[in-house]
Amino acid sequence: LWVDPSIRSQTLTTNQLPEGVYDFCLTLIDDKGNNLTQSGEICRLFTLLVPDPPVLIYPENFQYVQPGVNPTFVWTPTVAAGGFPIYYRVRISPVFEGQNARFAIDYNEILHEHDNISSTSFLYPPSALPFSAYPTAVGFVWQVQAVDFNGNPASRNQGKSEISFFRIGDRLN
């Protein structure tokens, strides 16, 4: 078995083949090492395309969401090769003065996280911690991750969308 070392390393690290064109070759041998095919090695070329992560639709970046209304978060689907089901994980975190969106989503407490969503929308549940639980937050960030049935990333960027920022309140306040 021969595998390009750079692809082997990346595959072992990410548990996924990188996007590209591959030549898959197979030789059938018996337990004594004798070739069982007339042509020797059988090879097939195939292309592996890695899907794009979800794109966030609503709330839009820097949008204001009405206070007291549980927003519905909406994103585009990720389509897996082979038609395997894709599930989504939504994460929402507060943002405090002086923080950027990346820091907030990676390091702040999570306001709410929900796994195993099979659709491309999520209604913020009334039972979840309210946005008002963080009165010093200047806003909130959200991100969606596309995963397969085993919880592995299902697209580029570890399955993660961009990060979007939104505020609770009236734009005029």
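I take a helix here to be a DSSP run, H or I, of at least four residues, numbered from the N terminus. With that in hand I looked up Phe-103 and Tyr-107, and I found both of them in helix H2, which spans residues 101-107, where they sit four residues apart, about one turn of the helix. I note before going on that the model is predicted.

**Entry on helix H2.** I checked the rings of Phe-103 and Tyr-107 and found that they form a tilted aromatic pair, with 5.0 Å from centre to centre and 40° between the planes. I then looked at accessibility: Phe-103 has a relative accessible area of 38% and is therefore partly exposed, whereas Tyr-107, at 62%, is exposed.

**Entry on the other aromatic rings.** How many aromatic pairs does a search of the whole structure find? I noted eleven. I followed one of them, Phe-62 with Phe-165, whose ring centres lie 5.4 Å apart with the planes at 50°, so I entered this pair as tilted. The pair links distant parts of the chain, since Phe-62 belongs to the loop between strand S3 (56-58) and strand S4 (63-65), while Phe-165 belongs to strand S10 (residues 164-168), 103 residues away. Phe-165 has a relative accessible area of 9%, and because the cut-off for buried is under 20%, I recorded Phe-165 as buried. I also wrote down one aromatic cluster, formed by Phe-73, Tyr-124, Phe-131, Phe-140, Trp-142 and Phe-166.

**Entry on the sheet.** I traced an open sheet of five strands in the order S4-S10-S9-S6-S7, and its pairing is mixed. Which strands stand at the edges? I found S4 and strand S7 (112-117) there, each with a single partner strand, so that one side of each has no neighbour in the sheet. Neighbouring strands of this sheet are turned against each other by 25° on average, with direction ignored. Further in my reading, I saw that strand S6 (residues 87-95) pairs with strand S9 (residues 139-147) in the antiparallel sense, over nine bridges, and that Arg-89 stands opposite Gln-145 in S9.

**Entry on the disulfide.** I found one disulfide in the structure, and it joins Cys-25 to Cys-43 with 2.1 Å from S to S. The link of Cys-25 and Cys-43 is right-handed, with 115° about the S-S bond. Cys-25 lies in strand S1 (residues 20-26) and Cys-43 in strand S2 (residues 42-48), so the pair ties together parts that are 18 residues apart in sequence. I entered Cys-25 as partly exposed at 30% relative accessibility, and Cys-43 as partly exposed at 28%.

Technical notes. Residues are numbered from 1 along each chain as its sequence is written. This is a predicted model: local features need pLDDT of at least 70, side-chain atom pairs count only at pLDDT 80 or more; totals for chains, interfaces and linings use all residues. Side-chain values use heavy atoms; hydrogens and water are left out. Rings of Phe, Tyr and Trp (its six-membered ring) pair if their centres lie within 6.5 Å; planes under 30 degrees apart count as stacked, over 60 as edge-to-face and the rest as tilted. Helices (H or I, at least four residues) and strands (E, at least two) are DSSP runs, numbered from the N terminus. Buried means under 20% relative accessible area, exposed over 50%, partly exposed in between (1.4 Å probe, protein chains only). Two strands pair if DSSP finds at least two bridges between them. Axes are lines fitted to C-alpha atoms, for helices over the stretch in contact, and angles run from 0 to 180 degrees between N-to-C directions. A disulfide is a pair of cysteine sulfur atoms within 2.5 Å.
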